[in-house]
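Here's a quick briefing to read alongside the model. Have the sequence and the 3D view open as you go.

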Amino acid sequence: IEGHIMNIAVKSAFQGSGLGRELLKIALKDLFMKGVKNVYLEVRRSNKRAIDLYEKAGFLEYGTRAKYYQDNLEDALLMRIELNSASI
């Protein structure tokens, strides 16, 4: 079983407070409890803050989707994490 994170968003006034990290942690734990083994996501190459969040959670980059975002044709980084008791 695999999962895909579509969106995680934190209102700008609360960014940097750890709320995004907690949302991600809760989502990954819930997916793990449901038997999900791998979780995938796409993130804008320019979104360094989100990339840092995902990397700290254990996500690894495994590819790129060229011109993925239609609003500015920015590339998306493809990231994944293999869930196990140590990763959540």
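Strands E2 and E4 run antiparallel to each other, paired over seven bridges. Along that pairing, Leu-41 sits across from Met-79 in E4. Keep in mind that this is a predicted model, and here is how the rest lines up around that pair.

**The sheet**
- Four strands make up an open sheet, in the order E1-E2-E4-E3, and the pairing is mixed.
- Strand E1 (2–5) and E3 are the edges, each pairing on one side only.
- From one strand to the next, the twist averages 25°.
- On the parallel side of things, E1 and E2 pair over four bridges, with His-4 facing Tyr-40 in E2.
- As a general point, sheet strands pair through backbone hydrogen bonds, either parallel or antiparallel.

**E1 and the crossover**
- Which E1 side chains are buried? Gly-3 and Ile-5 are, and they point to one face, while Glu-2 and His-4 point to the other and are not buried.
- That fits the usual pattern, since side chains in a regular strand alternate between the two faces of the sheet.
- Getting from E1 to E2 involves helix H1 (residues 19–33): E1, H1 and E2 form a β-α-β unit, and it is right-handed.

**Asn-38, at the start of E2**
- Strand E2 covers residues 38–44, and Asn-38 is part of it.
- Is Asn-38 buried or exposed? Its relative accessibility is 17%, so Asn-38 counts as buried, the cut-off being under 20%.
- The side chain of Asn-38 makes a polar contact of 2.3 Å with the side chain of Arg-80.
- Leaving aside residues up to four places away in sequence, Asn-38 touches Ile-1, Glu-2 and Gly-3, along with Arg-80, Ile-81 and Glu-82.

**Salt bridges around Arg-44**
- How many salt bridges turn up across the whole structure? The search finds six.
- Asp-71 and Arg-44 form one of these salt bridges, with their closest N and O atoms 3.1 Å apart.
- Asp-71 belongs to the loop between strand E3 (60–65) and strand E4 (76–82), while Arg-44 is in strand E2, so this pair ties together parts 27 residues apart in sequence.
- The two partners differ in accessibility: Asp-71 counts as exposed at 60%, whereas Arg-44 counts as partly exposed at 24%.
- Arg-44 also forms a salt bridge with Glu-74, and there the closest N and O atoms are 3.3 Å apart.
- Glu-74 is in the loop between E3 and E4 and Arg-44 is in strand E2, so here the parts tied together are 30 residues apart in sequence.
- At 14% relative accessibility, Glu-74 counts as buried.
- Put the shared partners together and Arg-44, Asp-71 and Glu-74 are joined into one salt-bridge network.

**Another salt bridge: Lys-34 and Asp-30**
- The Lys-34 and Asp-30 side chains meet in a salt bridge, at 3.1 Å from N to O.
- Lys-34 counts as exposed, with 57% relative accessibility, and Asp-30 counts as partly exposed, with 37%.
- In general terms, side chains of opposite charge can pair when their charged atoms come close.

Technical notes
Residues are numbered from 1 along each chain as its sequence is written. This is a predicted model: local features need pLDDT of at least 70, side-chain atom pairs count only at pLDDT 80 or more; totals for chains, interfaces and linings use all residues. Side-chain values use heavy atoms; hydrogens and water are left out. Helices (H or I, at least four residues) and strands (E, at least two) are DSSP runs, numbered from the N terminus. Buried means under 20% relative accessible area, exposed over 50%, partly exposed in between (1.4 Å probe, protein chains only). A polar contact is a pair of N or O atoms within 3.5 Å; within protein, one must be able to donate a hydrogen and the other to accept it, and residues adjacent in sequence count only if both atoms are side-chain atoms. Contact means heavy atoms within 4.5 Å. A salt bridge is a side-chain nitrogen of Lys or Arg within 4 Å of a carboxyl oxygen of Asp or Glu. Two strands pair if DSSP finds at least two bridges between them. Axes are lines fitted to C-alpha atoms, for helices over the stretch in contact, and angles run from 0 to 180 degrees between N-to-C directions. A crossover is right-handed if, with the strands pointing away from the viewer, the path from the first strand over the helix to the second runs clockwise.
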